Amino acid sequence: MLRFDFYSPEQEITLPLYDQKSVRVFIKRDDLIHPYISGNKWRKLKHPLQQAQHDKKTKLVTFGGAWSNHLLATACAGATFGFQTHAFVRGEAVSNTVLTLCNMFGMTLQFVDRTSYKNKQALFDQHFGYDEAAFFIDEGGYGASGVLGCSEMVAELTGNYDHIFCASGTGTTAAGILRGIQLQKLDSKLHGVPVLKSGEFIREEIARLGVSGSAEMALHTAYHFGGYAKTKPELIEFVKQFTRDTGILIEPTYTGKLFYALHDLLRNDQIDAGSRLLVVHTGGLTGLLGMLDKFSSTAEQ
Ligand SMILES: *Cc1c(COP(=O)(O)O)cnc(C)c1O
């Protein structure tokens, strides 16, 4: 059986804003699961990997953009558990630190133009349709087995929380947490912070993934900062300040927008005093590697 022991505590952080608003804030440290098989990417990969092993598949085939946390997680997990890995990478051939790391973990990279990339099943069928060892894993670990893995995070919780916050890309993680809340019969309210524009689509995605109840969750759609992987100086400044104040590293693509949203909601009294909050740190810190220029230090006196 594929085994992987990890540590992801619920850690309370204290900041003057939380005191002022009389809330207690805990972080589910999924970022500590593994430096490369990070956060929700491990949770989403766990069941597909078990399935692949069960079906005696030896090659994982997956999809992602050139800075994808999912590609890196799949590459490292493949090396860890004895699978070969192959990635279809969206767009022009490029080289960057994340892809170099993927390559170091043995992943083969095949760049495909954006139009072909859209039909992932067709790509798989065309290149691996006759390869009995090949196992399809969707972009970002999207899918029902990803939902199952993310739901297990809720079963691990030791505290009780009025509100649980997570960042949302495809909605798989939010769907899993919502499912977990239902399975554990908790009263916690789920709050999603979409990192893409027009984030209301997350509700339909959750329903499409087979999880009910997305109508009742809160979606805070005003914190995308221009869209996926887009930033603004105030977001960069926030990420720096938060990291300085807490000792917990976050990044602008997912967790930066998540905490920014939380702080903004607190400042605007959108969260009741006395609440206990859990914020899920979904990891993905290697995303910083593509943005270091935005954080470049200038000499300070
Ligand atoms: C991929 C990723 C997400 C998005 O998860 P979804 O399940 O696609 O919504 C959130 N946070 C981090 C750090 C990620 O790498």
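Guide: Two strands pair if DSSP finds at least two bridges between them; strands (E, at least two residues) and helices (H or I, at least four) are DSSP runs numbered from the N terminus. This is a predicted model: local features need pLDDT of at least 70 and side-chain atom pairs count only at pLDDT 80 or more, while totals for chains, interfaces and linings use all residues. Residues are numbered from 1 along each chain as its sequence is written, and side-chain values use heavy atoms, leaving out hydrogens and water.

Visitor: Which strands stand at the edges of the open sheet with order 5-4-3-6?

Guide: The pairing in that four-stranded sheet is parallel. An edge strand has a single partner, so one side of it lacks a neighbour in the sheet. That description fits strand 5 (108-112) and strand 6 (134-136).

Visitor: What's the average twist from one strand to the next there?

Guide: Angles here run from 0 to 180 degrees between N-to-C directions, with axes fitted to C-alpha atoms (for helices, over the stretch in contact). From one strand to the next, the twist averages 25°.

Visitor: Which residue of strand 4 does Val61 face?

Guide: Strand 3 (residues 59-64) runs parallel to strand 4 (residues 84-90), and six bridges join them. Across from Val61 in strand 4 sits His86.

Visitor: How do helix 2 and helix 3 sit: parallel, perpendicular or oblique?

Guide: Their axes come within 10 Å and cross at roughly 50°. Under 35 degrees counts as roughly parallel, over 145 as roughly antiparallel, 65 to 115 as roughly perpendicular, and the rest as oblique. Helix 2 and helix 3 are therefore oblique.

Visitor: Which residues of helix 3 meet helix 2?

Guide: Contact means heavy atoms within 4.5 Å. Helix 2 brings Lys41, Trp42, Leu45 and Leu49; from helix 3 come Asn69, His70, Ala73, Thr74, Ala77 and Phe81.

Visitor: And the other open sheet, which strands are at its edges?

Guide: Six strands line up as 1-2-10-7-8-9, and the pairing is mixed. Strand 7 (residues 163-168) and strand 8 (residues 189-194) pair in the parallel sense over six bridges, with Ala167 opposite Val193. The edge strands each have a single partner, so each has one side without a neighbour: strand 1 (10-13) and strand 9 (218-219).

Visitor: How many residues apart are Lys21 and Asp269?

Guide: Their side chains form a salt bridge at 3.0 Å, N to O (the rule: a side-chain nitrogen of Lys or Arg within 4 Å of a carboxyl oxygen of Asp or Glu). Lys21 is in the loop between helix 1 (16-20) and strand 2 (24-28), and Asp269 in the loop between helix 11 (255-267) and strand 10 (276-280). The pair links distant parts of the chain, with a separation in residues of 248.
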